[in-house]
Amino acid sequence: MNNAIAASDPRLQERRRIHFMDEVRGLDILLMVAYHTFYMAGWVFDLEWGRSLFLFFMPVAPFFAGVFIFICGVSCRLSHSNWKRGGLLALLAAAVSLVMWLADVTNILPGETIWFGILHFLAAAILLFALLRPLLDKIPPWAGILACVVLFVLTYHIPAKDGSYFGLPGLFQWELPSSLVQNTFLYPLGIGYVVSSDYFPLLPWIFCFLAGAFIGVWARQQRFPDWMYRRRVPFFSFVGKHTLLIYIAHQPIAYALCFAGTSLVSLFAGR
């Protein structure tokens, strides 16, 4: 189908789903689930294989999280109501924090409270996008993408627990004042430190999200390559359409599986 025709006909735009994005998102959420399960096994249930696998995959974990955030940014251009999506995610994020806090204080999962995890970040990013969309719409996509890449690199080390700075390592670095770093109220921004088992601050990840939102302009215009609109791996495509449900459910399921597995091993080992 000719992309120019599809871009000019709203009915065709509604029919054409970018299956490639669903498939990448589906694979990505499965990798995130596995990574979190390794953490659960290694640090909550003290299993050596869990720690080994978690540490092995740790260097690439930010990349897979970034892909997920980037695709969410693209999807914002295709959504009918970002205010509704962002509000729903904010409520879910608050519920996750409440549940994890209760699990912490009751010593079920000590030290595992989530104060500003990926759901909190996505809620804030979507709502910020909805608020700033009239301004963002005035920026050419290529200029927005370039600016986001530069700002992502420059702000990448701001959330560091030790040595928080703005700039490029080895070229120029502006150390953040200790008065800022010690301010826990700036924690969602990426400044300050609070114990949290999942942390995705606005800096630098908002620029990854916005880069996706700028590329989403072309997605909305049906200007992606034709091969992206074809379904290749139905399983990943199906999973990619249910990422929120999977993300909400995977932690309690992982805990239950680890608990059941370790209990069975202890039972048979004791015989």
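Helix α10 covers residues 202-220, and across its 19 residues the distance from the first C-alpha to the last is 25 Å, close to the 27 Å expected at 1.5 Å a residue. Like everything described here, this helix belongs to a predicted model. Along its course α10 bends by about 25°, and the bend is placed at F214. The helix is mostly covered, with 17 of its 19 residues buried. Just after α10 the backbone reaches Q222, which takes a positive phi of about 60°.

Further along the chain lies helix α12, residues 243-269, which includes F259. This phenylalanine counts as partly exposed because its relative accessibility is 49%, and partly exposed residues are those that fall between the buried limit of 20% and the exposed limit of 50%. F259 can also be located by its distance to A41: the two are 218 residues apart in sequence, whereas their C-alpha atoms are 9.0 Å apart in space.

The interior can be followed next. The structure holds one cavity of 30 Å³ or more, and the volume of the largest cavity is about 30 Å³. Its lining is made up of A93, V96, I114, G117, I118, L119, H120, D198 and Y247. Two elements, α6 (82-105) and α7 (118-136), each give two or more residues to this lining, and the largest share, three residues, comes from α7. In chemical character, the lining residues of the largest cavity divide into six nonpolar, two polar and one charged.

Conventions: Residues numbered from 1 in each chain as written. Predicted model: local features only at pLDDT ≥ 70, side-chain atom pairs only at ≥ 80, totals over all residues. Heavy atoms only, no water. Helix = DSSP H or I, 4+ residues; strand = E, 2+ residues; numbered from the N terminus. Expected span 1.5 Å × (residues − 1). Bend = angle between axes of the 7 residues up to and from the residue. Buried < 20%, exposed > 50% of the residue type's maximum accessible area, 1.4 Å probe, protein only. 1 Å grid on protein atoms, 1.4 Å probe; cavity = no way out; pocket = protein on both sides within 12 Å on 5 of 7 lines; lining within 4 Å. Points joined across faces, edges and corners; volume = space filled by probe spheres on them. Nonpolar A, V, L, I, M, F, W, Y, C, P; charged D, E, K, R; others polar.
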